Every structure is written in structure tokens, then in C-alpha cells.
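Subject: Structure for you to look at

Hello,

Here is the structure I said I would pass on. Please open it first, and then read the notes below with it on screen.

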Amino acid sequence: MVFEPPKRLVRALGETAPDGDDWLEKLPEAAQRAVALRELTAERVQMPGGRSSLVVLVRTADGTPAVLKLAPGRARPEAERAALAHWGGRGAVQLLDSFTAEGVLLLERLHPDVSVRSLPEAKALLEAAGTLRRLWVEPPAGFPFETVAERTGRQAEAMRARAQADPEVAPLVDLALAAREELLAAPPEHRLLHGTFRQSKVLAGERMPWLAVGPDPVVGECAFDLARLVRDRVEDLIAQPSGAATTRRRIKRLAESLDVDQERLRGWTLFRAVESGVRAGRVGRPRDAELLLEFAAWL
């Protein structure tokens, strides 16, 4: 089988490595080695796939359906492995082997084409929030994960640089950075967080109706994790005449349902929306940037 990377993956990696990507060039050979080492039978590459990894539907030697995932180092696959091992299948996809080949994970097979996003909006938010709650556990001792302060500190530097180059985004960047400073001034909460949670990261399973996939784990307060869920289906929100009011109600509903402080959720939602919008503009996705920054202005 030829392990051809999906166009979506090639395009996304091109945004972060515009001068070329050695990992992408070596990917077909790496996938072949990973399949052979584990005595797997490859069925197909998942299409359109994700933006940071190659996902191959496989079967183990005893015929068990599984997923082989290969990701470059900058996607922090070893942090993902550590988080999934710590969760042990509680609320998240389960690791199936103990191989530690860098950047390669063998995972239980979920239903890759059925995410919680396929449900009506209100039901989707409810199911996604319930899944996220199960992931908020104490991190392991000596955890190998970034903290929210560390991750957002890196992001803040890039945001400041972008604001200097593009004065139009500077007012929102200033608001977002001020919100971050205020949020980080409080004593830190230490929970293991998914890090990039949204509806499309929750897939239908057999063990449980819904399980989370694709974490970029981080340790910090739950409001940071929930903030990304607030803006799910942002294109639909922007298209609604009542989009701003709907967003405020969503923040209130999610905060109350998961016992998260509403103002802290609003603050992290602002920071994360501005950060994503600025990043989208930087890598040449102006439409995404426009949507995210308009959404952020409502907050």
C-alpha cells in the first residue's frame, strides 16, 4: 500500500514549514516501517484526515480494528501519548500498544467519519462538554506537559509581533493580552487538559458513545480548555444576526454546566480567538482570520 499524505495535511504542514518538511518527505517510508513492525494490515489512509498527522485505518495481527497515527515532532506526539496513557481510555481514545517509536501511536478504532459535530448544535455542545469533563483529572507527578502559562506565553510573543506588523489587529491583541495577564494572576489550577478540544475532536465509539481524540495536552485551568468549544461552528455564529447574543448565552450555559467561572471562560475565549485569528492571518488564511477576529470583538 502507498501511504500518500492527504492534501489537507500537506497544505497545513506547508503553513508551518513553508521552506519544506523533511518529515513529510519521509512519511510514506515511516508508515511502511510502522505497519511492518507491528504486523498490521493497512486498510486505507483516512481522508481528508487531520492537519497535523497521518491517520491510517489498520487491523492488528488478530484482526482487531485499530488506527495508526504518525505525527511530526512539532505536533508533540509524545505528549499526546503520555496524556492518553494517563487517561487510560476514560473519556479519550485508548492506546493499544507500548511501542515508543517517536511520533507513532497505535490507537483503538473509533468511527472516524462520525463526530459529535454531526448532532444538532445544542445536543452536540452537551455531549462534547460531558466528554471534556471526564478528561479534567490531576496530571501525573512530574508531568511532561506545558502549562497554560508557558503555552500562552509563546503565543503572546507571536501576537505582539503580528500587532506591530498589522496595526489593525493591535486593539484586539491588546485586549487579549490584558485578559491573559489578569487570568494568570490568580493562583494556578492544575488539571490535565485536552488543549485543542472542539466538536470535531469527539468521535463515536464502541466502548463509549463519544470519545475524545487528538489532544495537544497542557496543564492548567479548565476554563482554558472549555474556551475553544465556545467558538465551535464560528462560521454559523457569524452568519446569525443574533450571533453575539448566542455566544454570550453559550458562555453562560457552558460555564454553568461544567462549574467554570463565567468571566474566566469569557477571558480565555477572547484570548484564544484572537490568538487563532492572528495566526490564521499570519499563515495566509484571511477568511478564517476575519471570522475569528469578528467573533473575538463580540467578547
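A helix axis here is a line fitted to the C-alpha atoms over the stretch in contact, and an angle between two axes runs from 0 to 180 degrees between N-to-C directions. Two packed helices are described by the angle between their axes and the distance between the axes. Keep that in mind for the helix pairs further down. Please note also that this is a predicted model.

Overall form

The protein chain has eleven helices and ten strands. Its C-alpha trace spans about 55 × 40 × 40 Å along the principal axes. How does the radius of gyration of the protein chain compare with that of a compact globule? For 299 residues a compact globule would have a value near 19 Å, and the protein chain has 19 Å, so the two agree.

The four-stranded sheet

Strands of a sheet pair through backbone hydrogen bonds, either parallel or antiparallel. One open sheet here has four strands in the order β1-β2-β3-β4, and the pairing is antiparallel. Its edge strands are β1 (41-45) and β4 (104-108), each of which pairs on one side only. From one strand to the next, the twist averages 30°.

Strand β3 (residues 65-70) and β4 run antiparallel and are joined by five bridges. To find this pair on screen, look for L70, which stands opposite V104 in β4. Helix α2 (residues 22-37) packs on the sheet and touches β2 (54-59), β3 and β4. The direction of α2 makes about 145° with that of β3. Helix α3 (residues 77-87) lies across β3 and β4, and runs at about 35° to β4.

Two backbone details

Most residues other than glycine have a negative phi, and most peptide bonds are trans. Two places in the model are worth checking against that. E39 is not a glycine, yet it has a positive phi of about 55°. You will find E39 in the loop between α2 and β1. The peptide bond from M47 to P48 is cis, with omega near 0°. P48 is in the loop between β1 and β2.

The three-stranded sheet

Another open sheet has three strands in the order β5-β8-β9, again with antiparallel pairing. Here β5 (111-115) and β9 (210-212) are the edge strands, each pairing on one side only. The twist averages 55° from one strand to the next. Two bridges pair β5 with strand β8 (residues 202-204) in the antiparallel sense. S115 has L203 in β8 as its bridge partner. Helix α4 (residues 121-135) packs on this sheet, touching β8 and β9, and its direction makes about 55° with that of β9.

Helices around α10

Three helix pairs involve α10, and I take them in turn.

The axes of helix α7 (residues 222-230) and α10 come within 8 Å and cross at roughly 65°. The crossing of α7 past α10 is right-handed. On the α7 side the contact is made by A223, F224, D225, L226, A227, R228 and V230, and on the α10 side by R264, L265, W268, T269 and R272. By class, these are seven nonpolar, one polar and four charged residues.

The next pair is helix α6 (residues 170-184) with α10 (residues 262-282), whose axes come within 9 Å and cross at roughly 135°. How are α6 and α10 oriented to each other? At that angle α6 and α10 are oblique. α6 passes α10 in a left-handed crossing. Among the residues of α6 in this contact are L172, V173, L175 and A176, and they meet a set in α10 that includes G267, W268, L270 and F271. The contact has 13 nonpolar, one polar and two charged residues.

Last comes α10 with helix α11 (residues 286-297), where the axes come within 8 Å and cross at roughly 160°. Angles over 145 degrees count as roughly antiparallel, and α10 and α11 are therefore roughly antiparallel to each other. Their crossing is left-handed. The α10 side of the contact includes T269, L270, A273 and V274, and the α11 side includes D288, A289, L292 and L293. By class, the contact of α10 with α11 has ten nonpolar, four polar and one charged residues.

Regards

Terms used: Residues numbered from 1 in each chain as written. Predicted model: local features only at pLDDT ≥ 70, side-chain atom pairs only at ≥ 80, totals over all residues. Heavy atoms only, no water. Parallel < 35°, antiparallel > 145°, perpendicular 65-115°, else oblique. Left-handed = near helix turned anticlockwise from the far one by under 90°. Contact = heavy atoms within 4.5 Å. Nonpolar A, V, L, I, M, F, W, Y, C, P; charged D, E, K, R; others polar. Pairing = 2+ DSSP bridges. Rg over C-alpha atoms; globule rule 2.2 N^0.38 Å.
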